[in-house]
Structures are given as C-alpha cells and as structure tokens.
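Colleague: I'm new to this one. Could you walk me through how you justify the labels you put on it?
Modeller: Sure, let's bring it up and go label by label.

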Amino acid sequence: MKAKTPHTGSSSERMAASFVYRPRLGLEMEMVVADAGSGASLPVRDYFDALAEAKRRRGVACEPYYLGGRCVGLSTPPADCGLDNGFNLLETALAPVEGGPGGLQRLADAAHAELADTLDALRADGACVLSASQHPTCGRDAEWYGRVCVPRPIYRELREYRGWHHWEGIDAKAQNGANTSVPVRDAIRALNVAVALAPAGIALFANSPIESGRAAGYKENRMRLWPRVFAPARFPGDLRLCRYPARPFRDLADFFHWMFGPGTVTRGLPLEPSDDYKSVPTALPEGDPCLLDFLRAERWPARRMDTGRLEELVPHAGHFEYSQIGQFLDARLRYKLHAPPSLDEIMRAWERDGGLEELFERCGADPYIEARGPGAAFADADLLEEAGDEAARSVLVAPSALQAGLLANLDEACRLLRDYTWEGLGALREPAMRLGLAHEGVRTLCAEVLALARDGLDAADRHWLAYPEFMLATGRSAADRLLDTWNAAAGAPEARMRAVLARHAALHPDALRGADPRKSRVSET
C-alpha cells in the first residue's frame, strides 16, 4: 500500500507533471526497520525528528505531517518520507526523475541520498534497515498490531466494514516499487505485460523466506499476503481483485469494468475532491453498490465513516479517478487527469471501444505502471561479498531498470506473452513465489525477460541490471542467501536474528562509493 500525504503525495501521484508525454521514473522504497542490537522488529519513535534535522542540515526544506497527534512523515521536494502500514515499516516515495538515457543514474542518485538520510536518522532509535521483504521474526498478533499500526482512517473501513485481515501485513512486508510512465495509447498493453510477466520480478527479487521465526516454504512469502487479507472479506469481489485475471485487458474501458463493475463493491468515497485515499474523510454508499452503478446515479445515500451520519453523495468525475487504487494485482495502472473531464464525458467514453484512451489523451493523462512484485532488497555485507560491487550498487534501482527496459521494448514483450500464453504465465506465479529460480520454467522466463529489458535500455544504462543478472547466473536470490544465514545460525530465532543482522543489515551508501560500476563477477560465475 502507498503512503499519501496531504501535501505533495507519493511518487505514484506525482508522476504526472505535464500534458506532453515524456518518460519518467519513480521509486517507492519500503524499508523493514530492525533493532540494531537484536534484529527485532522495531517501531520508530525519534526517527522523524532526526530525519528532519538531517534534511535541514543539508538545506532541504521539509514539512512534517501528523495523524492522531503523531508525526507520520515528512514532505520534502526530493521525496515524501513516511510510513507504510506500521511504524515498523518505512516508505520513501521519490519525486519522479526524467527517464531515458541516464535516467536510472538520476534515480539511483536520488534513492541513495534518501537511503543515507534514513539510515543516519534511524540511529536515533538504535535501529537499522534489513535487506528483507518481510521481517523474519515479527508477529502479527492483536497487541502488536494495535501498538504499531499507523492510525489512518481508511484502515477502520477495511477492518471493520469490509472485514479485511489487515493485520496480516503488520510484520513489515516490504516491496521495492518501481513506477514507469507510459503513453496513454500503450497503457493497457503495458499493464498486461507487467501483470503477466510478474513471475520474473517475483523470482529475481525474492527476499522473504522466513516468517514468524521459521522457514515459510516460500522464497517470496510476502506475496502470499493478499489472499490472507481478502479471503475472509465481506465482499467476494475484494478477493477477485487480487487474483490473476482470466484474460488480458482489451482497453481502458475493459480494465475499469473489471475493477468497478458488477461483482465488486466500491470502497468508501471522499466527501470532497481529494487524492489522499488513506486519510481523507469518506462515506460508504448504502446498499454496497459497485462504483459503476454509483456513478450512473444522480445521487446516492452514504454513511460517513467518521461520524456515522447519513448524507447524500452526488457522483462526480473525481470519484472515478480517486478509486483507481482499488485492485491488488502484481502491477497497477496509475494516472492523473490534468484537465479533469465531467462525469458525463467519462461515462460516454466508457461505452466506446477506445473511448477512454481518447478522453485520457485529451485530458492530459500521464499514466504509469506501478510494480508490486519485486521484494525489497538493499546492498548488504552478504551481497557485497558474494556478488561484488556492481550488483551491490545496482540492487536498489534494479527493479526500475527491469521494468523500464521491458516497457521500452513493449512490442517484443507482448510477443513473449503470446508465446507463453496468458494462462501459461499465470501458472508460473505460484512456483515463482515458492521455488523462485530453482523452478526451471520460472528461470527460463527470467532469462527471456532480462534479455528483453536489456534490449530496451540504452547501452550505458544496462549495468543497472547487474543485480538480477547475477541472481539468474547463480540461480540464487536474496532469499536463498538469507535462508542460508538463518539455517547456519544455531539456537532460537532471537539468536538467529543476530546472525541475520550481521550479514543482512542494509549498508550505508557511503560504503559503496568509489566502487567501479563496470566491475562485475557475473562473468566469473
């Protein structure tokens, strides 16, 4: 889930900045916080004060924002530095940078600067960041959830009204979220590619083999989150919207019908225009309609989540745009309409094949793909020792390099979908999660996806794929290395966590400076 502030928003929401398409790259880093002495999951306390001081010393303006009287983030020009679902899981959303040749270097410079500030500020709490996409020993019990969950209003709706098991993610499940802009005309093809080829990203960046102090039986256990959250939900459509679709989407109208049409139930809707989907006051339409039915009505009775009062909502175009977050596939299509259309224009365009594409282009939409499959990973002592400098330097932006290269080579990526078939690619998702690169079919797909991504990147930018290329060459992901450390350590989970801490705490970017970005050990493997 993406952090959102009332000030500048996440990199996802800031991707659209002009009416003319130009390639841009964004990144949302989710970071598992651990006690620097024991390795235990740790909710931050003094972090934001220390981070604000670090920013100000560097001359970076910052503005704190609060929920329930507690600071939950800092808004700055380079990034929004906040929290995901808990105080034990940081999220930094970078402002987008210009893509194309050199874009990944620009993204890496920004990401490493933010990571350096984060690691420095965490010292105030005696904490560090683990290179893991899920904390290995953190629990998900009610007491822990109540203590560390960020008090966002939307979570009450999700837990109490929709029946989501929101606490399933409170053990710091973290992703490395690449955001890559695409032209409107390519948006649905890009989404289909990102969803269908997600098994490659899941396997290459797998990094969560341990849950609740024991081996999970999965290389990327984090990706089992969504069925756990949605299976008990009040509305079956919530679970449907996290499952691999039965077929690729034809166009924007088809995609939005899948997400907002019969069989689904709209989430709470804002009482006033807002992009702040996590904290803005909302109302729940009476009778639990799908969004499509709600938008077709002249007005609809709805009950406020904050006061319980019954009010009338008048559907407007903002309700359509606001609701784009409402699915949990391995990739999302996100967008901003710079010249907002009327609701009538949206509904009429929705009825025509290609109509929403035409409308989005007229409205200056700048869509982008938000990847959700790659697990969080950072340079750590184990990676540096095993893979060398280039892989360690590239790991943070490697998911962005993979997605940017793939989407820049979209015609060939679409051919790959046809070669494998939509159903065949969907069948690789489970083995990608469970077995990763040890599964022959998954490893073959990874090789083909990496080749397409390399071809889509400028030659000078291809070294940013060093991390996944090393994973493929060795057949060992970060999950394998983390599991090796865990299994080699003796004793109880607490003792094993100290071994994990020594090998898999994120290295400060200063430790990687001066490394030769062209030096690689892949060829030696």
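**Salt bridges and a sheet**

Modeller: Let's start with aspartate 380 and arginine 481, which form a salt bridge with their closest N and O atoms 3.6 Å apart. Bear in mind that this is a predicted model.

Colleague: What makes the pair of aspartate 380 and arginine 481 a salt bridge?

Modeller: The cut-off is 4 Å between a side-chain nitrogen of Lys or Arg and a carboxyl oxygen of Asp or Glu. Here the closest N and O atoms are 3.6 Å apart, so the pair falls within 4 Å and gets the name.

Colleague: Why do you say that this pair ties parts of the chain together?

Modeller: Aspartate 380 lies in the loop between strand 16 and helix 15, and arginine 481 in helix 23, so the bridge joins parts 101 residues apart in sequence. Both residues are buried.

Colleague: Aspartate 120 also forms a salt bridge, with arginine 123. Why is arginine 123 called exposed?

Modeller: Exposed means over 50% relative accessible area. Arginine 123 has 58%, so it counts as exposed. Aspartate 120 has 32%, which lies between 20% and 50%, so that residue is called partly exposed.

Colleague: And the sheet in the order 11-12-13-14: why are strand 11 and strand 14 said to stand at the edges?

Modeller: Each has a single partner strand, so one side of each is left without a neighbour in the sheet.

Colleague: How do you know that strand 11 and strand 12 pair?

Modeller: Pairing needs at least two bridges. These strands have two, in the antiparallel sense, so they pass.

Technical notes. Residues are numbered from 1 along each chain as its sequence is written. This is a predicted model: local features need pLDDT of at least 70, side-chain atom pairs count only at pLDDT 80 or more; totals for chains, interfaces and linings use all residues. Side-chain values use heavy atoms; hydrogens and water are left out. Helices (H or I, at least four residues) and strands (E, at least two) are DSSP runs, numbered from the N terminus. Buried means under 20% relative accessible area, exposed over 50%, partly exposed in between (1.4 Å probe, protein chains only).
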